Structure formats: C-alpha cells, structure tokens
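User: I would like to work through this structure step by step. Please reason through each answer before giving the final value or name.

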Amino acid sequence: MMESVPPPPSDKRRLKKMFSWTDDGTGGSDTNVTTIDDGGTMWNRQQQAVSVRYAFKQYGSKSKPNQVLSNLNMTVAKGTIYGLLGASGCGKTTLLSCIVGRRRLNSGEIWVPGGKPGTKGSGVPGARVGYMPQEIALYGEFSIKETMMYFGWIFGMQTSEIMERLQFLLNFLDLPSQNRLVKNLSGGQQRRVSFAVALMHDPELLILDEPTVGVDPLLRQSIWNHLVHITKAGQKTVIITTHYIEEARQAHTIGLMRSGRLLAEESPQVLLSMYQCQNLEDVFLKLSRKQGANGAVATTEQMNISNNISLSALAFGNKKDNPVYVSQESGVVGLNFHQSKEILISDSNGSTLGINVSPSHPPSAAIDCDDCGRCSNCFNITSRGKIRALLQKNFLRMWRNVGVMLFIFALPVMQVVLFCLAIGRDPTGLKLAIVNQEIVGEDCPFNEGCKFSNLSCRYLDHLNNNIDQKYYPDPESAINAVKQGDAWGVLYFTDNFTDALVARITLGRDADDETLDQSEIRVWLDMSNQQIGIMLNRDLQLAYKDFAQDLLKTCGNNPKLGDVPIQFKEPIYGSNDPSFTDFVAPGVILTIVFFLAVALTSSALIIERTEGLLDRSWVAGVTPTEILFSHVVTQFAVMCGQTALVLIFMILVFDVTCNGDIFWVIVLTLLQGLCGMCFGFVISAICELERNAIQLALGSFYPTLLLSGVIWPIEGMPEFLRYISLGLPLTMATTSLRSMLSRGWEIYESDVYLGFVSTIFWILGFLIITLTVLKFKRG
Ligand SMILES: Nc1ncnc2c1ncn2[C@@H]1O[C@H](COP(=O)(O)OP(=O)(O)OP(=O)(O)O)[C@@H](O)[C@H]1O
C-alpha cells in the first residue's frame, strides 16, 4: 500500500487552524470532515510530485479532432513509484510528454516539483526531471561515454561527476564498454543506455516510458529494484509506463488508463483486493469491461465509492497521523483516489482519513510556481555546459560522418568548376555550310596583298576558328544540311562576288542595285538556338569588319572606313568583350553558398526530431534558441570553409573579374550563407518529414534562381515580377556582389549596401519565423 508522507507537525497545526470543520451528520464524533483551502492545497501539492487536474488534450484540427486525454486527474505522491498502465494508444505517452513540458494541454493543469512544467525556474523541462522516451532517442554516432557527457553537461554536471556516475550506470545496467558506439549496440543495450541517460543526474522526478521493453527478466527486476531503492528515501519519484502489467505490482500506486481517462488510481494490493483478482491484468480487464458497459462516464454508484474514502484506507486501515489524501472530481472513471482537493477525516481514534470533495474551481493560479523563490537561474539565458554539449554534439556528428563532410566541401568546388567550365564560354566546332560560286571545288585561294581576287575566300579566312566550314555545291543542298541539323547556317557567295564588292566600294552611292545585290554575302541561320545564332551573327559581322579593315589597310587606305560610324570607347565598367561568366558568376557564387547552407540545415532539426533526439534535449532543458544557436555556430564554421573554396576557385582559379574590395565580397557571401542556413531552419521547423523538407528546399531553388536576376537581368521581367524579385533574399545581394566584382563599387554605394541590408533583414526574419514555429509546435 502506498503510504502518504505525513505533514510536519507545524504544518499540521497550521492545517488545523486553516480548516473549517463541518458537521457531516455524524456529530463529528467519528469523522470530522475538513475542506482545505488553497493554502492547504499548496501544502498538499508540495507533498505531491506530480498533480494533473482536468487534463484535456486533443491532436488534429478542430474539424477532425483526435481526443487523447479527457478530463484526466492524476496525483503522484513524492517518493513513490507510479505505474501508469493502459492499452496501446490510450494516451500514456501524451500524458507523460505533457508532464515533462514537451506538449501543452488544451485545458487543465499540471504541477511538477518546481511549479507548472515549462514555467521559468520549474526545472521541468530541465534538470529536475529525468525522461526516458519510448523511442531510443540517442545519437547513434556517439559512444556511450559521449552520450553521457552530452546529457551530463546539459544537466549542468561536472565532467568528473559524470564519469563517476557513468561507471556506476555501466555496472548497474550491465552495459558494454563506454567507448562502444550507440549505433553498434543491440536494441536492448540501446534501451539501457537510454535508461542510463534518464538516471544520469539523479533527478527528483523520473519519467520512464516503457523502460523495460526488450530488457531481459533479470535486468528488468534489477531496474525495478533500483527504482524501489531510489524512492525509499522519499525524495525521488518515478512515473513509469509498461505493457508488462504484472511488473507494476512493485509500484506504490497504479494508474489504470483507458481512452484518455484513469479507470483507477490505487495501490496494487488495494486493486487486487477490491476486485478480488489474482493479478493486475484481470483488474484491468474488469475495469475496462465496466467502463465499456457504463460508457465513458462513471455511474453515480461508482462515483460514490470513488469519491469517498480511499480504499487503501478502508482496506488496510491507516496509521495514526498519516492522512491519506483521496480525491474526488474524478476523471478516474471507476475508482478515484488521491485526487485534487482533499478533505481530512479524523476518526474517533484521532487517525486521519481522506475523503474527496469536489473543488469548486481548479487550484489557484497564484501558486503556479511553488518554489520560484528558489529559482537561482531563472534569468540565465543559457549555460556553458549546454552550449558546450550542443557544440560538441554537432561537431562530433560531423566528424563521425567524415565522408559526408568531405562531400560537403567537395560539392561547392565541383559546382564552381562545372559552372566555370560549362557556362559562358563560346561554343566551338560550329558547322557552317559554304556555297561559294566564285570557286570550283573546295580549294579557296586568295591573295594577301592589295589584290582583288577571290575576296570571298579572303573573307572566309577571317571567320574565327570556332567555325567549321563545309563546302556545298549549291544553296539547296546547303539549306538541306541545315534542315537536317548538319550545319548551323548557310553562307552564299555569288560567282562575281569579288567584282561586285570592288564595284560597291569604288562606286559608293553610285552603285546599282544589281552590284549591291551581287556583293552581298547571303546568310541563312538556324536561329533555334539563340546563343549559337547570336554568336554566329556576331562572328560573321566581326569577320567582315576585320576583312574590310585588312583590305583597306593593305591598299593604303584608312582602315576606319571599314567600320560602321559608331565608335565604342573603352567601357566605363567591364570590357569590350563582356563575358557571360562574369555576369552570372556573382549570382552563382551566392546561389551555391545559399543553397548549400539550406541543404545542410534543412534536415538537421528534422533528423533530430524524428529520432526523438530533439524532444529528449528539450526535456533535458535545452531551449529552441540554444539548439538554433549551436547549429548556427557549427554550420557557420562549415560555411566559412565552403565560402573560401567557392571564392578561391571562382576568382583565383577561373579568373572571374573581381574589381571590388574582397573583404566585403567575403562578408556578403558569408551573410548569404547565414541567410540560407536560416531559411533551412525555417524549412526544418515547418516540415515534419525529411522528404517534405527536401521537396520544399528543391522547390524553392528554381523560383529563387530564376527570379533573383542571377541568369537574366531583372530589367527583362514584367514590372510586377520585378517587385517580387526584389523581395527575394538573393536579388539585392546578387546586384550588390555584381556591382562589387565587375564595377569595383565600394560599400557606401546604395546598390552595394542594400544587398547587405536586405540579407540581414532576411536572416532576422527567418530566425524569428523559426523560433516562433518551434515554440508554437511545442503544443
Ligand atoms: N503527434 C501526434 N499527432 C496526432 N496524433 C497523435 C500524436 N501522438 C499520438 N497521437 C495519437 O494519440 C493517441 C495516444 O497516443 P499515445 O502515444 O499517447 O498512446 P500510448 O498510450 O502511449 O500508446 P503506446 O502504449 O502504444 O505507446 C493515439 O491514438 C495516437 O495515434
């Protein structure tokens, strides 16, 4: 039978004073009934490790709710083992996750040793609670020792303390060498490591979700022995769920749960005797049948039983001065004990029994935190131990996945190399079909000096090396070759091209139409490929310019006569032969750094969350901000390496123009990496599944690339799209980097500093969104 801890004498005197004694019709001779006011409830709550009142919790949307906890009350006395039993899916884990502050109730209240879970200074989540979740929730890449170090530091323990405790736990739980990696342990060993983590800091409240699954009977017994041992002194409390109902006989109290309610909350002996069963499974079956027969709501009769005197008090009597606190206001459907507001019943011998009286209202909010006064680190933002643990964890995970890390550094280099080799260079080996009626066959001789013979051949000699010239006998066959994809265009010279061209030059404005017509080089191009078409167009014109200037020069004329009368002076920025690579490179640098950071971070939190690691860290007292901070630091280190590699390869190896201050170029690139990282955090905070995160990250890649002016000037977009484009994180930064690289602009130019400003705004925006989502998701 569970024994309640008696109040200290002074408190008892205080209680007697506070209580208003009421006559229950017995004249007060046998039983005096007392209603405890809020002060009494507070005192009583201090005797309880956990108190749950009117808990209501549902998952899903309002239209499709999945009600999991329904008006549930639960009381766990200090220094006891509370076995929470129930069928799969009845809500045990949900209840526990609410108690440890991982989830919030829709309504109702929970108190744990330091106040309400999640309130400042409650220590829950935090060092006052040890939580073993149902899933293993350990870092597979860590050794047992590293796992203990991680959680020990989070709990604020010294390394020497952790080592001491580790040795004890290794022996006690029969664990293999401390240097074995968790992922290489058997399922049972992993569960034991998980259990060891919960025991690590010797917490006052231990919450164990099925700790004995997959554990052999001997060890199971030793675990229970240990739980009994630690609760003996009255300072430690254990709540444990198990599917092995019979092992729960060793608990002081058993809560039988079904469909989000407690069917009973009593000591195992009382349950067995009350229901006259040999084992707890039969009790559970009986109670479940009863609940099934009566529906979810208890009958009046049941409530009368449950709402009066504790069966434990009735069945086994009660020690003098040991009040048994029994509750009413159930939520416990069949039987209902130890709940909410107590009434003390003094029998004629002076012993005190508890009976239940429904509280008219839930306990006062004024006592939300019963030991806030003791809160020494309420205002600490973080602790050195936590940051140390989180940073070491992140770096260790990277180190243990060294193959992945190498890939992470090789990837940006590969992307830059591929970009510089594949983009922006002039196409070569382009075929042109030549039909030259001036010559016979393919031999095309010409004279270098001021001689006017076979000028068509002299012109063709000026066509650059990128073009393969293939001769065709007539225009039809040449055009057919283009139609069949054998050539990109046709060049046709008439049989008197040279004479007509000389006449055209000599006669000038007096040249007749036929002369002009015969002196023209006729071109048919395949313009289906814009880049190739434009390039051929340009090369044919440049070749003519070169040819004309060469001819004029050798004949002693001013070569300028061969130019169109537009003089392109030395450009103010850039060169006369602009390269597409220089245009695209700034955007590509930022895109590579931004999206690598997105890829790196977008799954980071999700992996930790799906493996239950995030939950475990949160319950250990780590905040979302600390987790984000640690990821920002570690990923920033990786990003610095990536940024250095990208810039070295772009600027030093592939000679991309850099006229600006390299310092600001580096700063902007790093900021964009940070921005990508923060976007990755948003994705991982929003998405539940890794595949959704990947889809979102990939899905955002193309719109960002297309709309950010990376591959095409935003001036070419419809006006409304330009505004959208300017609102994207990469657009202004790309303009800024381009201005620095190709124009050499300084930071005080608006085009430059706006890139920095917009990036910083995006970083802050993403961080705020992430923290908000993470906090919101805790519900
Ligand atoms: N995150 C969630 N979203 C939606 N429904 C959930 C979520 N977690 C649990 N549930 C549902 O809530 C109900 C109770 O689940 P819970 O895990 O609390 O049960 P349990 O008693 O711990 O089961 P078991 O003994 O199998 O672990 C189940 O129907 C489950 O499907």
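User: In which hand does helix α12 cross helix α22, left or right?
Analyst: This is a predicted model. Helix α12 covers residues 384-400 and helix α22 covers residues 624-653, and their axes are 9 Å apart. Where α12 passes α22, the crossing is right-handed.

User: Which word describes the direction of α12 relative to α22: roughly parallel, roughly perpendicular or oblique?
Analyst: The two helices pack at an angle of about 45 degrees. Angles under 35 degrees count as roughly parallel, and those from 65 to 115 as roughly perpendicular. The angle falls in neither range, and therefore α12 is, relative to α22, oblique.

User: How many residues in the contact of α12 with α22 are nonpolar?
Analyst: From α12, the residues K386, I387, L390, L391, N394, F395 and M398 take part, and they meet E626, I627, S630, H631, V633 and T634 in α22. Of the residues in this contact, 4 are polar and 2 are charged. The number of nonpolar residues is 7.

User: Which strands stand at the edges of the open sheet that contains β14 and β16?
Analyst: This open sheet has 4 strands in the order β15-β14-β16-β17, with mixed pairing. A strand at the edge has a single partner strand, so one of its sides is left without a neighbour in the sheet. The strands in that position are β15 and β17.

User: In which sense do β16 and β17 pair, parallel or antiparallel?
Analyst: On the side of β14 (residues 430-436), β16 is joined by 5 bridges and the two strands run parallel. With β17 (residues 522-525), β16 forms 4 bridges, and G489 has L525 as its bridge partner there. The sense of the pairing between β16 and β17 is antiparallel.

User: Are the residues on the two faces of β16 buried or exposed?
Analyst: In a regular strand the side chains alternate between the two faces of the sheet. In β16, G489, L491 and F493 lie on one side, while V490 and Y492 lie on the other. Both faces are covered, and these residues are all buried.

User: Which helix lies across β14, β15, β16 and β17?
Analyst: The helix in question is formed by residues 530-554. It runs at about 165 degrees to β17. Its name is α18.

User: Which residue in β10 is the bridge partner of Y82?
Analyst: Y82 lies in strand β5 (residues 81-86), on the side that also holds L84 and G86. Strand β5 runs parallel to β9 (residues 237-241), with 4 bridges, and Y82 stands opposite I239 in that strand. A further 5 bridges join β5 to β10 (residues 253-258), also in parallel. In β10, the partner of Y82 is T253.

User: Is L69 buried or exposed?
Analyst: L69 lies in strand β4 (residues 66-77). A residue counts as buried if 20 or more other C-beta atoms lie within 10 Å of its own. Because L69 has 29 other C-beta atoms within 10 Å, L69 is buried.

User: What distance separates the C-alpha atoms of L69 and M257?
Analyst: Leaving aside neighbours within four places in sequence, the contacts of L69 include A55, F56, L95 and G260. Along the chain, L69 and M257 are 188 residues apart. The separation of their C-alpha atoms is 9.9 Å.

Key:
Residues are numbered from 1 along each chain as its sequence is written. This is a predicted model: local features need pLDDT of at least 70, side-chain atom pairs count only at pLDDT 80 or more; totals for chains, interfaces and linings use all residues. A residue is buried if 20 or more other C-beta atoms lie within 10 Å of its own, exposed if 12 or fewer, and partly exposed in between; C-beta atoms are placed from the backbone. Two strands pair if DSSP finds at least two bridges between them. Axes are lines fitted to C-alpha atoms, for helices over the stretch in contact, and angles run from 0 to 180 degrees between N-to-C directions. Angles under 35 degrees count as roughly parallel, over 145 as roughly antiparallel, 65 to 115 as roughly perpendicular and the rest as oblique. A crossing is left-handed if the near helix is turned anticlockwise from the far one by less than a right angle, and right-handed if clockwise. Two residues are in contact if their C-beta atoms, placed from the backbone, lie within 7 Å. Ala, Val, Leu, Ile, Met, Phe, Trp, Tyr, Cys and Pro count as nonpolar, Asp, Glu, Lys and Arg as charged, and the others, Gly among them, as polar.
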